[in-house]
Structures are given as C-alpha cells and as structure tokens.
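Visitor: I've got a structure open and a pile of labels I'd like explained. Can you walk me through the reasoning behind them?

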Amino acid sequence: MVRVLVGLVVIVVLGLVGFTWITLHWSYSEGERAGYVQKISRKGFVCKTWEGEMAMVTMPGTVAEKFLFTVPSAAVAARVNASVGKRVALHYEQHKWIPTSCFGDTEYFVTSVRVME
C-alpha cells in the first residue's frame, strides 16, 4: 500500500513539474507593444520577479491603456529600467496557465526592449 501511495505522489509531482515546464517554454502568442514604461520593480516576498507597467497611448490627449508585464531576465530588466519615461517597443511572449506566481504576476513575459525615440 505504501508503494502505491509513493508511486501516486511521484506521478503527481512529475506531472506538475512537466506541466510547469511546458507552460514556461511554450508560447501561446508573441508580439510587440509600444508605449511609455511607467514603472518597473522587483516584487515578491519569497519569489522576487521583475514586474512593470507601460502606458500605451494611441493619440495625445486620450486615456492610456496600461500593459502589465513580467521581465524574467535581469539583463532585460536593466534595459527596461534605463528606458523608463521614453517611448519603447517591448517584445513579449504570452504564457498561459502558469501554476504559480513565482515565475511572474502576469502572463506577458518581456524578452527584449527597443527605444523608439
């Protein structure tokens, strides 16, 4: 009976690890969004992640739409932080169904940044 229980626990753990790996390495969608990075900060109690916010403005004087994103790489986070206040294009990958917030608070992971000004 103990062997069956241990076997089931191992199967469940391996299933969760495999599911997490797939969600982190399989991109649901990818693209670019342009706007002005308003903030980027390293957040979290146990799992520290880089979280940011970008204002996407289509025309001057209109209400900006906010784009919340996660930056998994510290090098990319440093480049995003250096571009705060400038018009930038962020290339992102969307990862759905990530089982924990230890990998990021959002499903949009920024992989590169390009300053447009």
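Guide: Sure, here is how the labels follow from the values and the cut-offs.

Guide: This is a predicted model, where local features need pLDDT of at least 70, side-chain atom pairs count only at pLDDT 80 or more, and totals for chains, interfaces and linings use all residues. Residues are numbered from 1 along each chain as its sequence is written, and side-chain values use heavy atoms, with hydrogens and water left out.

Visitor: How many helices and strands does the protein have, and in what order do the elements run?

Guide: There are two helices and five strands, running α-β-β-β-α-β-β from the N terminus on. Those are DSSP runs numbered from the N terminus: helices are H or I with at least four residues, strands are E with at least two.

Visitor: What makes the protein more spread out than a compact globule?

Guide: Its radius of gyration is 18 Å, well over the 13 Å that the globule rule gives for 117 residues, so "more spread out" it is. The radius is taken over C-alpha atoms, and the rule is 2.2 Å times the number of residues to the power 0.38. As for the box, the C-alpha atoms fill roughly 70 × 25 × 25 Å along the principal axes.

Visitor: Why is Thr23 called buried?

Guide: Buried means under 20% relative accessible area, exposed over 50%, and partly exposed in between (1.4 Å probe, protein chains only). Thr23 has 4%, so it counts as buried. Thr23 sits in helix α1 (residues 2-25). Across the protein, 29% of the 117 residues count as buried.

Visitor: Which residues does Thr23 touch, leaving out those up to four places away in sequence?

Guide: His95, Lys96, Trp97, Ile98 and Pro99. Contact here means heavy atoms within 4.5 Å.

Visitor: Why is Trp97 called exposed?

Guide: Trp97 has 57% relative accessibility, so it counts as exposed. Trp97 belongs to the loop between β4 (87-94) and β5 (108-115). For your backbone checks, its phi is positive, about 65°, although Trp97 is not a glycine.

Visitor: And what makes Trp21 exposed?

Guide: Trp21 comes out at 53%, so exposed is the label. Trp21 is in helix α1; its C-alpha is 9.1 Å from that of Ile98, with the two positions 77 residues apart in sequence terms.

Visitor: Why does Val115 count as partly exposed?

Guide: Its relative accessibility is 44%, so Val115 gets the middle label. Val115 lies in strand β5. Leaving out residues up to four places away in sequence, Val115 touches Ser83, Lys86, Arg87 and Val88. The C-alpha atoms of Val115 and Lys86 are separated by 7.0 Å, although these residues are 29 apart along the chain.

Visitor: Is Thr106 buried or exposed, and how do you know?

Guide: Buried: Thr106 has 18% relative accessibility, so that label applies. Thr106 is in the loop between β4 and β5, and the residues it touches include Glu51 and Leu68.

Visitor: What makes the pairing of Thr106 and Thr70 a polar contact?

Guide: A polar contact is a pair of N or O atoms within 3.5 Å; within protein, one must be able to donate a hydrogen and the other to accept it, and residues adjacent in sequence count only if both atoms are side-chain atoms. The side chains of Thr106 and Thr70 are joined by such a contact at 2.8 Å. A polar side-chain atom of Thr106 also lies 3.2 Å from the backbone oxygen of Tyr108, and one of Thr23 lies 2.9 Å from the backbone oxygen of Thr20.
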